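Trainee: Please give me a close look at the strand that sits at the centre of your explanation. Then work outward from there.

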Amino acid sequence: MFFRRKKETIGIDIGSSSIKLIQLSETEGRYTLEKFGVAALAPEIIVDGTIMDSVRCVEALQNVVKEQAIVTKDAVISVSGHSVIVKRVTLPQMSEEELSESIKWEAEQYIPFDINEVNMDFQILSTFVGPDGKQQMNVLLAAVKKDKLTDYTSLIIEAGLTPVIVDIDSFAIENMYNVNYEINEKETVALINIGAGITNINILQGGMFAFTRDISIGGNRYTESLQKDLGLSYEDAERVKKGEDVEGVDSPETETIIENVSAEITSEITRSFGYFKATMGSENIDKVMLSGGSSQIKNMEAFLQERLELPVEFINPFRKIDIPPSFDAGYIKSITAIAPVAVGLGVRRLDDR
Ligand SMILES: Nc1ncnc2c1ncn2[C@@H]1O[C@H](COP(=O)(O)OP(=O)(O)OP(=O)(O)O)[C@@H](O)[C@H]1O
Ligand SMILES: [Mg+2]
């Protein structure tokens, strides 16, 4: 065939509060949204990034596949959290083949798990001459615990799909950003994605990976605090958190509880920024780009702006993606905050790395 089409894939972001499924088509580097479905997951199905109830999780996935009338079987998925390690390390210069051979030994000191229990991948970012005059290189190292990989890929297989790529949430967010935003060579941008259980932080310098960290706090913390302090059910606490009225709940008290959790999340972000600055020298962050379901907490943007003393802007994961008129504008608005990881997975095709 002369016009061999790249094989179509679907992106599936298995978040702890919902599964997001996306299908994008591509023509000459431009993407069009074909499908986007969301399947809510009850809080006990995935806990702390571990699939506790795979039966219900598979069911939810199958439902959304059916609802969206998905034909493609090839799925790109991602993992995140404490079973995932992403590090930028400096190694003596060697070829990609040589590094493939020795990566296990090189990586051992950077990975806090048994090296035989992880799957590893790497990417050579740049080469430079070290202070001793020897050639060195910056390498991006990614390791995921094998049992985590098996849990997530089994889920996809049980739902009747084929996992063709397993990515990492933070890389997917980086991909999503680079597809949608112009890169300013001189700018350092922090992408902050506040989910339910995890907040992903990505720092890009001139569009290139500089730092990433997943912190184990997100929207669930608001719900838990509201439940505990106000004696609410999970459902009511979720509603209060989203600014809905719940009988007998008074608002000044809620606001204090919400603000305390926002402060907690912000201080974790500040700590990560501090760590980034300490390890990279005196690098400044120019702005924050915000996403994730929990970025919709009332006043979150202003709160972060004030505490971090940085401009904060919401990410639009569909900024450069064509959305056919068949999609309802209200629906697109409702998925914008939660779509970044899915979009980053949806743009991946089988023949890319
Ligand atoms: N309008 C809103 N206001 C505040 N919080 C909201 C709102 N809408 C959704 N959330 C919260 O956002 C979170 C879900 O966000 P998201 O879909 O990004 O997380 P996830 O991918 O399911 O979780 P994770 O990646 O952390 O496992 C939930 O905690 C939910 O309660
Ligand atoms: Mg998520």
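Mentor: The account below starts with one strand, then turns to the core, the domains, the ligand and a few loop residues.

This is a predicted model, in which local features need pLDDT of at least 70, side-chain atom pairs count only at pLDDT 80 or more, and totals for chains, interfaces and linings use all residues. Residues are numbered from 1 along each chain as its sequence is written, while chains are lettered from A and ligands numbered from 1 in the order in which they are written.

Take strand β1, residues 10-14. Strands here are DSSP E runs of at least two residues, helices are H or I runs of at least four, and both are numbered from the N terminus. β1 belongs to an open sheet of six strands. The order is β10-β6-β1-β2-β3-β16, and the pairing is mixed. Two strands pair if DSSP finds at least two bridges between them. At the edges are β10 (162-168) and β16 (321-322), and each of these pairs on one side only.

Look at both flanks of β1. With β2 (residues 18-27), β1 runs antiparallel, joined by four bridges. Ile14 has Ile19 as its bridge partner in β2. With β6 (residues 74-79), β1 runs parallel, joined by three bridges. There, Gly11 is partnered by Val76. β6 carries the parallel sense on to β10, over six bridges. Asp74 stands opposite Thr162 of β10 in that pairing. In a regular strand the side chains alternate between the two faces of the sheet.

Now zoom in on Ile10, which has its place in β1. Ile10 is buried because 26 other C-beta atoms lie within 10 Å. The cut-offs: buried takes 20 or more other C-beta atoms within 10 Å, exposed takes 12 or fewer, partly exposed is in between, and C-beta atoms are placed from the backbone. Leave aside the neighbours within four places in sequence. Ile10 is then in contact with Leu21, Ile22, Gln23, Ile70, Thr72 and Ala75. Contact means C-beta atoms, placed from the backbone, within 7 Å. Ala237 is another matter: 227 residues from Ile10 in sequence, and 33 Å away C-alpha to C-alpha.

Go back to Ile19, the β2 partner of Ile14. Ile19 also features in the largest nonpolar core, which has 81 residues. Ile19 and Leu61 touch the most other members of that core. Such a core is a set of buried Ala, Val, Leu, Ile, Met, Phe, Trp, Tyr and Cys residues joined through C-beta atoms within 7 Å. Helix α4 (residues 169-180) gives the largest share of this core, six residues. Leu61 is in contact with Ile19, Ala39, Leu155 and Ala159, leaving aside its neighbours within four places in sequence.

Step out to the domains. There are three: domain 1 (1-83 + 146-181 + 319-353), domain 2 (84-144) and domain 3 (182-314). The bounds come from an automatic or database domain assignment. The C-alpha centres of domain 2 and domain 3 are 31 Å apart. Their contact takes four residues from each of the two. On the domain 2 side, four residues are nonpolar, none polar and none charged.

Ligand 1 is surrounded by 20 residues. Each has its C-beta atom, placed from the backbone, within 6 Å of the ligand. Gly15, Ser16, Gly195, Gly219 and Gly293 are the closest. Domain 1 and domain 3 each give the shell at least three residues. Helices α5 (219-230) and α6 (234-241) each supply at least two. By class the shell has four nonpolar, 13 polar and three charged residues. Ala, Val, Leu, Ile, Met, Phe, Trp, Tyr, Cys and Pro count as nonpolar, Asp, Glu, Lys and Arg as charged, and the others, Gly among them, as polar.

Last, some loops. Ile217 is in the loop between β13 (208-215) and α5. Ile217 is partly exposed because it has 19 C-beta neighbours inside 10 Å. Beyond four places in sequence, its contacts are Thr199, Glu264, Ile265 and Glu268. Glu28 lies in the loop between β2 and β3 (30-40). Its phi is near 45°, a positive value in a residue other than glycine. Glu28 is exposed, since just 4 other C-beta atoms lie within 10 Å. Asn299 has a positive phi too, near 65°. Asn299 lies in the loop between β14 (287-291) and α8 (300-308). Asn299 counts as partly exposed, with 13 C-beta neighbours inside 10 Å.
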